[in-house]
Amino acid sequence: MKNKIGSFSLMKKMNTALILNKIRSEKEISRIELAKATGLTAATVTNITARLIDAGIIQECAVGASTGGRKPVMLKLKSNRYCIAGAYISPTGVKLALSDFASNIIREFELCFSSDNPSPDDCVNFIAHSLGEFSKENTLEVAGLGVGVHGTADSSKGVIINAPLLKWKNIAIKDMLCKKTGLDVYVENDVRLMAMSEMWFGNAQNRDDFVLLYIGSGVGAAVVSDSRLVRGTTDTAGEIGHSIINIDGPLCECGMRGCLQAHTNEAAMKRVLQENIDKTSVLSPDSSCPEIMEAYITGDKAAEAVVNNEVKYLSAAILNIANIFNPAMIVVASGIKGFDKAVVSQIKKVPSSAMGGAESTCVIKASSLGDDAVLKGGIAKVLDAICNNPIA
């Protein structure tokens, strides 16, 4: 019985998300059109839209053209009652965004860290104060707060387990934010929120199975199977950065040799640049990764060597992901502007015969959400919760 209840709950959530996304993408749509577009029964569409209307999330807005019978009533997202807050606590600062249910950003706030060790209290106070400022300016009610955090997190408890670059351990960030803001707060690792944002608003919409691969100061992945995040027994599934691809490779910060992360992170990019510094007239050994990417666009040979090295190892990782998980899509994201697109354009040229048949179905794309990926993932996290338990 427990499994049946769980399956029904998942189906209800997925159907609600499907309807919300369709209304969002079409702007205005009738119940009949929703049923045709989603493949759901008319009764299911009627029941779910009734719940969403009662919750103040969608509204009836107009009468559509008749196709021979009664004129259909159109539905659209309601924008004058609720908004959603998404926040990202990164190693360099805190960003907060308020959006409507279609993920259109209404207002943004940002705090840049001036010290190496910002305190959790400083971050919580900034978010609470910013939400207070927003409330003074707007009549919209905040439906919930989705928070992306650097490092590992226990999403069920809302605890940051370890954020190494912030030097935080076992921080009960959800409880702290709930007390300060009075909101329902949902906490998730940043890479998993990127996957949620791609699933709700990006290239992975309507994909039940995909993997998001992120390259930045570290390398991580989020695996989505049957429209659910795969977490593993200790909530650390997706740590592909520490999969070993070369047993004689460089030492990784985890203590092992040859990890994917040691070959492809920002430190590795700078290492390859220094090895090829004689091939450039515009870069220096201390050039940043964004500067390397700017040079790559202009055809700089040293920058090309850096990207080619990335492609070499990331191709191996993508082949492994395709063979192990057999996803419909792999989305590549990066904190370095333009890097994901450069890598994907090169990886598409890599022979795919080693993918064991997966190459016929697995699509590789760069993220479409840019710097807003984690914030929009926070928004998606709240929407996901609303699908299970609409606002009264």
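In this predicted model, the largest nonpolar core brings together 51 residues. Ile19, Ile57, Ile58, Phe101, Trp200, Phe210 and Leu212 have the most contacts inside this core. As for where the core residues come from, helix 12 (residues 373-388) chips in with the largest share, nine of them. Apart from this core sits another one, made up of 39 residues, including Leu260, Cys289, Ile292 and Ile318. As a rule, nonpolar side chains in soluble globular proteins tend to be buried together.

Ile57 makes a handy example to look up in the structure. Setting aside neighbours within four places in sequence, Ile57 is in contact with Leu20, Leu52, Leu77, Lys78, Phe101 and Ile386. One of these partners, Phe101, is also on the list of residues with the most contacts inside the largest core.

Next come the cysteines. The structure holds zero disulfides. Cys61 is partly exposed, at 29% relative accessible area, whereas Cys362 counts as buried, at 11% relative accessibility; the cut-off for buried is under 20%.

How far can the details be trusted? The protein has a mean pLDDT of 86, and 91% of its residues reach 70 or more. Among its elements, helix 5 (residues 173-181) comes out highest, with a mean pLDDT of 96, while helix 1 (residues 2-26) is at the bottom with 67. Over residues 1-7, pLDDT stays under 50, and the model shows zero contacts beyond four places in sequence for this stretch. Where pLDDT is low, the predicted coordinates should not be read in detail.

Methods. Residues numbered from 1 in each chain as written. Predicted model: local features only at pLDDT ≥ 70, side-chain atom pairs only at ≥ 80, totals over all residues. Heavy atoms only, no water. Disulfide = S-S within 2.5 Å. Buried < 20%, exposed > 50% of the residue type's maximum accessible area, 1.4 Å probe, protein only. pLDDT = per-residue confidence, 0-100. Helix = DSSP H or I, 4+ residues; strand = E, 2+ residues; numbered from the N terminus. Contact = heavy atoms within 4.5 Å. Core = buried A, V, L, I, M, F, W, Y, C linked by side-chain atoms within 4.5 Å.
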